[in-house]
Each structure stands twice: as C-alpha cells, then as structure tokens.
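Thank you all for coming; I would like to walk through one structure with you, slowly enough that everyone can follow along on the screen. Please have the sequence and the picture open while I speak.

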Amino acid sequence: MTAPTQARQIHVAVAHRDPYVAAGIASLLRSRADFVVQSGLPETDGDGDPVDVLVTDYATGVHKATNVPSSRNRSTLNSFLVVTDQSTGWQIRRAVDAGVRGYLLHDCSVEELSDAVRCVAEGRRYLSCPVADQLLENISAAVPTARELEVLQLIAEGLPNKEIGRRLGIGEGTVKTNVKAILRKLEEPTRTAAIGEAFRRGLLLEASP
C-alpha cells in the first residue's frame with residue numbers, strides 16, 4: 001500500500017524590525033503544519049534549504065525587493081511579504097512596483113497571514129482588501145519611476161547633482177532631468193519641498209537595513 005503523499009513544506013524566514021511583531025508572526029506561522037519557520041534574514045551562502053518567502057517590514061521588504069540579484073537561481077530569494085502599518089496608496093504602490101508580492105496590514109488574521117504566505121510561495125501576489133482598495137485609488141496618480149526614486153533618496157541624503165550622478169553612474173544632465181520630473185510629479189517647486197512631500201507620501205525609506 002502506497003503511503004499518502006505529504007504536502008510540500010514552505011520554508012519561511014521572518015525578519016521584521018519590530019521584535020514583538022516578528023515573534024508574533026513566527027509563532028502564528030509555526031502553528032501551521034505546512035510551514036518551516038526561521039527567525040532572521042536567510043543565509044546568503046546557499047547552505048541549507050532555500051527560503052520560499054521572507055516575511056518582513058515595509059522598509060526591509062522594499063529594499064530587498066529592489067536589490068534582488070539579476071541572476072535567478074535556486075538560492076536567490078525574490079518572494080517578499082510585507083506586514084506593516086504603512087497603508088497609504090503611495091507606500092503600497094512603491095512596494096508593489098519594487099517587486100514586493102504580498103502586502104498585509106498589522107491587523108490581519110492568522111488565516112489571512114497563512115493564505116498570503118502560501119500564495120506568495122507559489123509566485124502569486126496577495127494584497128489584503130484594504131491594501132488593494134488603496135492601490136486602486138492611487139493607480140492613476142503620477143508616481144516617480146524607480147530611477148527617480150533613487151535620485152530622490154540621494155537628494156534627501158543631501159547629495160548634489162554631480163555626486164548623485166557619480167553614485168548612480170549617470171550624467172549630471174540626466175540627474176537634472178530626473179529632478180525636474182520629481183518636482184513635477186510631486187507638485188512642489190523646490191527640492192526641499194519635494195523631500196517633505198515624499199516623506200509624507202511614504203516614497204522615501206528609512207536607512208537601508
């Protein structure tokens with residue numbers, strides 16, 4: 001008699017900046033039989049079982065998704081699920097544009113958290129209903145491109161155009177073009193005002209982890 005086939009286990013890493021949120025998520029996921037859960041960011045040396053999903057906070061998720069290596073191999077993690085209180089349409093859209101596949105708010109249920117992890121592990125997107133509603137309301141708004149957001153982040157760090165160009169490997173003229181586009185999209189007359197508006201909309205991140 002053939003033994004029943006056991007469902008594939010999903011390997012999940014939980015690395016949230018709020019230690020209490022991280023502990024709660026890890027505990028909830030461990031209560032489900034199909035999850036193997038580890039705490040902290042996964043190892044990058046390829047040892048051990050590859051992680052299917054990284055459950056993390058907003059800033060870490062966007063940073064990691066934006067900086068996924070171009071090579072796609074078995075050890076490259078590129079499935080991110082954000083659990084956060086960042087709920088504006090701008091913030092959600094930035095995360096989705098960066099490559100974050102799952103987006104939940106802190107008040108999600110354990111059932112929704114589990115469903116989201118499974119969905120993201122299968123390579124699909126999962127947005128909670130409030131998140132999807134916010135994203136739809138924001139979809140028609142002019143949002144800075146990925147390059148413009150890089151320029152904006154460096155402006156916020158106080159770098160002049162020449163240094164921004166050197167950091168990003170682009171010409172100073174291209175930087176100026178990006179700055180003009182940023183001011184237009186944020187509807188602000190100056191760089192300082194644009195930075196303030198970008199923080200209000202959630203377009204600028206905290207220091208990278």
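**Two crossing helix pairs**

Let me begin with α7 and α8, which are roughly perpendicular to each other. I should say straight away that this is a predicted model, and that what I describe was computed from it. The axes of α7, residues 161-168, and α8, residues 172-186, cross at roughly 105° and come within 8 Å; an angle from 65 to 115 degrees is what counts as roughly perpendicular here. On the α7 side the contact is made by N161, K162, I164 and G165, and on the α8 side by E172, V175, K176 and V179. If we sort the residues of this contact between α7 and α8 by class, we find three nonpolar, two polar and three charged ones.

As a general point, two packed helices are described by the angle between their axes and the distance between the axes. With that in mind, please look at α3, residues 89-98, and α5, residues 129-138, which pack at an angle of about 95° with their axes 8 Å apart. The pair α3 and α5 is therefore roughly perpendicular as well. Here G89, W90, I92, R93 and V96 from α3 meet V131, Q134, L135 and N138 from α5, and by class this contact has five nonpolar, three polar and one charged residues.

**A covered helix**

I would like to stay with α3 for a moment and ask how many of its residues are buried. Eight of its ten residues are, so that we can call the helix mostly covered. The buried ones are G89, W90, Q91, I92, R93, R94, A95 and V96, and what they pack against is a list of several elements, namely α2, β5, β6, α5, α6 and α9. Just after the end of α3 comes G99, which takes a positive phi of about 120°.

**The sheet**

Now please turn to the strands, where an open sheet of six has the order β2-β1-β3-β4-β5-β6, with parallel pairing. Which strands stand at the edges of the sheet? They are β2 and β6, each of which has a single partner strand, so one side of each is left without a neighbour in the sheet.

Moving inward from β2, we reach β1, and these two strands pair in the parallel sense over five bridges; within that pairing, V14 has S39 of β2 as its bridge partner. β1 is also joined to β3, again in parallel, by four bridges, and there A13 stands opposite L54 of β3. Helix α2 packs on the sheet, where it touches β3, β4 and β5, and its direction makes about 160° with that of β4. As for β1 itself, five of its six residues are buried, so this strand is largely enclosed by the rest of the structure.

**Salt bridges**

My last topic is the salt bridges, of which the structure holds twelve, and I have picked three to show you.

In the pair I take up to begin with, the side chains of R17 and D57 meet at 3.8 Å, N to O. R17 lies in the loop between β1 and α1, while D57 lies in the loop between β3 and α2, so that the pair links distant parts of the chain, 40 residues apart. R17 is partly exposed, with a relative accessible area of 35%, whereas D57, at 6%, counts as buried.

Next comes D34 with R118, whose closest N and O atoms are 2.7 Å apart. Since D34 sits in the loop between α1 and β2 and R118 in helix α4, the pair ties together parts that are 84 residues apart in sequence. D34 is buried at 19% relative accessible area, and R118 is partly exposed at 24%; the cut-off for buried is under 20%. D115 joins in too, since D34, D115 and R118 are linked in a network of salt bridges.

Finally, R200 and E197 form a salt bridge, with closest N and O atoms 2.7 Å apart. Why are these two separated by about one helical turn? Because they are three residues apart in helix α9, residues 191-201. R200 is exposed, with a relative accessible area of 58%, while E197 counts as buried at 11%.

Conventions: Residues are numbered from 1 along each chain as its sequence is written. This is a predicted model: local features need pLDDT of at least 70, side-chain atom pairs count only at pLDDT 80 or more; totals for chains, interfaces and linings use all residues. Side-chain values use heavy atoms; hydrogens and water are left out. A salt bridge is a side-chain nitrogen of Lys or Arg within 4 Å of a carboxyl oxygen of Asp or Glu. Buried means under 20% relative accessible area, exposed over 50%, partly exposed in between (1.4 Å probe, protein chains only). Axes are lines fitted to C-alpha atoms, for helices over the stretch in contact, and angles run from 0 to 180 degrees between N-to-C directions. Angles under 35 degrees count as roughly parallel, over 145 as roughly antiparallel, 65 to 115 as roughly perpendicular and the rest as oblique. Contact means heavy atoms within 4.5 Å. Ala, Val, Leu, Ile, Met, Phe, Trp, Tyr, Cys and Pro count as nonpolar, Asp, Glu, Lys and Arg as charged, and the others, Gly among them, as polar. Two strands pair if DSSP finds at least two bridges between them.
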